[in-house]
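Please open the model in a viewer and keep the sequence panel beside it. The tour below proceeds by selection, one site at a time.

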Amino acid sequence: MRRQRPTLIAVSTAIALTLTIAPSPANAQTAAQADQVANLTVRQAEGYATLAWQPVEGATDYQIERTAVDASGNPTGAPTIVGIWRPNRQINQQAPTFADAGFNPGDTFQWRVRARAGTTEQPYSAPVVATTTTPWGNPATPGEQLRTQWETTRGAQYTSDVNEYAYTEAIDALSDRVRVVELGRTLQNRPINMMVIGHPTPAATPEAVAATAPVAINCNVHGNEPGDREACLIMARQLAFSTDPRVVDLLSRTNVLIIPTINGDGRANNTRGNSAGQDLNRDYSLIRQPETAAYIKMVRDYRPVAGYDGHEYGNTRAGDLPMLPPRHQNVPQAIFDQSQDMIEGHMYTKGAQDGWWACPYGCEGGSTVGNSEETILRNTLGLKNVANSLLELRSSGGQTRPDEGNTANNRRRKTYSALWTFNQFLDYRAANKAEILAARAEGIEGQAANTGRLVFRGSRPIPAYPAPHPGDSPPGLDAPRADLILDNAPCAYKLTEAQYNGARTDGPGGVGATVAQRIAAHGWKVIKTADGYYVPLNQPERGLIPLLLDTKGVEKLVDGERIYPNLTGRRNGPLTVSGFTCAANATINGPVTIQAGAALVATGTTISGPVTANSAAGVMLADSTLNGPLQITKATGAVSLIDVAVSGPVNLTGTTGDVPLLAGNTIRGPLNCSANSATPTTLGVANTVHGPRSNQCAAV
Ligand SMILES: [Zn+2]
């Protein structure tokens, strides 16, 4: 169950009225007195200071002034307007806040705030003076004392690849909580590292990490957008060494996956794309490049349940932190809703408390952004049932942060705003684990049911929040074109030997991985029969498969042949399955025997009578009911049961060539799995088994 996002219609109406009332000339003198900001407070946090004050009637915006002072509070620099608070900045406008950032952490300042009515400046508030928080970690404590190149140069330099590897290696060596895993290599042979972080130690294997329902932060895909990466490196140190109960508790319950630099070559050369010029954030479905292939295999093996993807964005009018959920219309509704809950429910609310301006990507004057390409990580992850968001750090100071002509000030604001977001992300995951996992299960079961239309390109709308809230200027609609919709989804795609295993030229240097290798990287099941390779749609990533294998795919791999169900309606009497058989919305009365080398794929189907498969090429059942025992012996290919109700025993033995998948099933009888080449997986979606579970399925 997901919470409703806050609705603020009544509040916003009241505020809209307040904001349009300017002081009249007749009482301007008294209004000036009344319009002085009162009760200014400042609260220090990691790299930023949150200013809060009582709203002034008639104010159209506020100016935030900062002055460097010495220990006695005497000015050591000129007063500078560092921030403009505008009414579209936050929900809960009765309590304005502004996260001032960009200063050197540890320095001492005085702040004042004044309201403006139009261009008329009101008197400044009484000042507040405070010393800002120093960079995290005691300089005398091993591990805690580590600093990035960016930190030691006070934002003058970004951390180089060499220094990143040295820093993460040092964390790995000094903290039991951290394991650095090399996911792959870039085209120029730079390691693509991932930090796996848990308490007291990270889980030992990818499967064990997956069992913690981990979260993943992708810190730097566009090499010339480095702000998020520095936040990731700082956060890794905090997670590795902090004794704060919040951190220890979080890491005791889940593993955190941090990929500092998937695009090491692009970062080293300060280019958007990789060294082949490919924009990697247009390649996560196609995985033509080694960097994206490494990431997608990580998703397959470690199974993050939620994610953030860090970027920077050049729009002077945008908020501090534009965000966007997976919008592609094939993304399960539950995953879209959960992602929106994280963004609009959590980030907008916390942003209003801490002074950061989260908003939808493109918010205010954005160009065409946030569309439905499945090649974008945000959408690819959504299609893989991962609740997630894009994060864009506004690259310039823009109109609301006028003191960022100074490069270091600008860089510090960006990185500390990313650090705030990533910490909020971890808190959201901790507080909403059950909801996230429920959305994931709903997504997996809903996709495997293979119902509803397929959309090849097209976004879900992002409804506007009532103005003037941060969501009042969402990205464009990006509705699917009629010719990019397929109402009648096939059961499977059939690929020829040449399509499946043939050489490809769509990778760097004119060489690409085969379709078979890419399908394996995505983790999809394939059934090979005597006449070809079948990729059924009744699996967890149903919404992504056609985008790569259907002739209508906008950026596809092959023109697979659509295979429609050949078993529908009611059928009585014994059934012997030969070849590739697809049942959809069928009712089958009588024993079913799947012959050696044959395959049965079924959705929405009820079978009464025993189902027996011996040396079958594949058995994939979803969203179906079996009244009778199920016996699958020595299957040579894909075995998958998702959201199937079985009244009777289930016996799965001797599978070769596939890891059987059992997810979200209800079995009213014993479940035995033995002598399969691998222990069956559940993808974290629990089964209900009324009888005993034995052997390889003891924990399924
Ligand atoms: Zn980017």
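## The zinc site

Select Glu 225 to begin: this residue is buried, with a relative accessible area of 9%. The model is a predicted one. Now show the zinc ion, which is coordinated by His 222 (ND1), by Glu 225 through two OE entries, and by His 311 (ND1), at 2.0 to 2.8 Å. Along the chain, these donors follow the spacing H-x2-E-x85-H. Add His 222 to the selection; this residue is buried, and its relative accessible area is 2%.

What arrangement do the four donor atoms make around the zinc ion? The angles they subtend run from 52 to 158°, so the arrangement is irregular. For a tetrahedral label, all angles would have to lie between 85 and 135 degrees.

## Strand S10 and its partners

Next, select residues 191-197, which form strand S10; seven of its seven residues are buried. Colour the two faces separately. On one side are Pro 191, Asn 193, Met 195 and Ile 197, and on the other Ile 192, Met 194 and Val 196, all of them buried.

Extend the selection to strand S9 (residues 178-185), which runs antiparallel to S10 and is joined to it by seven bridges. Within this pairing, look for Glu 182, which stands opposite Asn 193 of S10. Then add strand S12 (residues 256-259), also antiparallel to S10 and joined to it by three bridges. Here Val 196 stands opposite Leu 257 in S12.

Return to the hairpin of S9 and S10, where five residues lie between the strands. Select Asn 189 in that loop. Asn 189 is not a glycine, yet its phi is positive, about 70°. Most residues other than glycine have a negative phi, and most peptide bonds are trans. Is Asn 189 buried, partly exposed or exposed? With a relative accessible area of 48%, Asn 189 is partly exposed.

Follow the chain from S10 towards helix H5 (206-210) and select Pro 200 in the intervening loop. The peptide bond between His 199 and Pro 200 is cis, with omega about 0°.

## Two further backbone features

Move to Pro 468, placed in the loop between strand S17 (454-455) and S18. The bond from Ala 467 to Pro 468 is another cis peptide, with omega near 5°.

Then select Lys 634, in the loop between strand S31 (630-633) and strand S32 (639-647). Lys 634 has a positive phi of about 55° although it is not a glycine. Its relative accessibility is 51%, so Lys 634 counts as exposed; the cut-off for that term is over 50%.

## A buried arginine

Select Arg 518, found in helix H15 (residues 515-522). Arg 518 is buried, with a relative accessible area of 2%. Which backbone oxygen lies 2.8 Å from a polar atom of the side chain of Arg 518? That oxygen belongs to Ala 513. Display the surroundings as well: leaving aside residues up to four places away in sequence, Arg 518 touches Leu 286, Ile 287, Arg 288, Arg 504, Asp 506, Gly 512, Ala 513 and Leu 557.

## The disulfides

Finally, select the cysteines. A search of the whole structure finds four disulfides, and with the bonded cysteines numbered in sequence order the pairing is 1-2, 3-4, 5-6, 7-8. Three of the links may be visited in turn.

- **Cys 359 and Cys 363.** The sulfur atoms of this disulfide are 1.9 Å apart, and Cys 359 and Cys 363 are buried.
- **Cys 491 and Cys 582.** The S to S distance is 2.0 Å, and with 105° about the S-S bond the link is right-handed. Cys 491 lies in the loop between strand S18 (485-486) and strand S19 (492-495) and Cys 582 in strand S25 (residues 580-589), so the pair ties together parts 91 residues apart in sequence. Cys 491 counts as buried at 5% relative accessibility, and Cys 582 is buried with a relative accessible area of 3%.
- **Cys 673 and Cys 697.** This disulfide has an S to S distance of 1.9 Å. The torsion about its S-S bond is about -75°, so the link is left-handed. Cys 673 lies in strand S36 (residues 671-674) and Cys 697 in the segment after strand S38 (693-695), so parts 24 residues apart in sequence are tied together. Both Cys 673 and Cys 697 are buried.

Note on methods:
Residues are numbered from 1 along each chain as its sequence is written. This is a predicted model: local features need pLDDT of at least 70, side-chain atom pairs count only at pLDDT 80 or more; totals for chains, interfaces and linings use all residues. Side-chain values use heavy atoms; hydrogens and water are left out. A disulfide is a pair of cysteine sulfur atoms within 2.5 Å. Buried means under 20% relative accessible area, exposed over 50%, partly exposed in between (1.4 Å probe, protein chains only). Helices (H or I, at least four residues) and strands (E, at least two) are DSSP runs, numbered from the N terminus. Donors are N, O and S atoms within 2.8 Å of the metal (3.2 Å for Na, K and Ca); water is not among the atoms, so sites may look incomplete. Four donors count as tetrahedral if all angles lie between 85 and 135 degrees; four count as square planar and six as octahedral if opposite donors are over 155 degrees apart and all others between 65 and 115; anything else is irregular. Two strands pair if DSSP finds at least two bridges between them. A polar contact is a pair of N or O atoms within 3.5 Å; within protein, one must be able to donate a hydrogen and the other to accept it, and residues adjacent in sequence count only if both atoms are side-chain atoms. Contact means heavy atoms within 4.5 Å.
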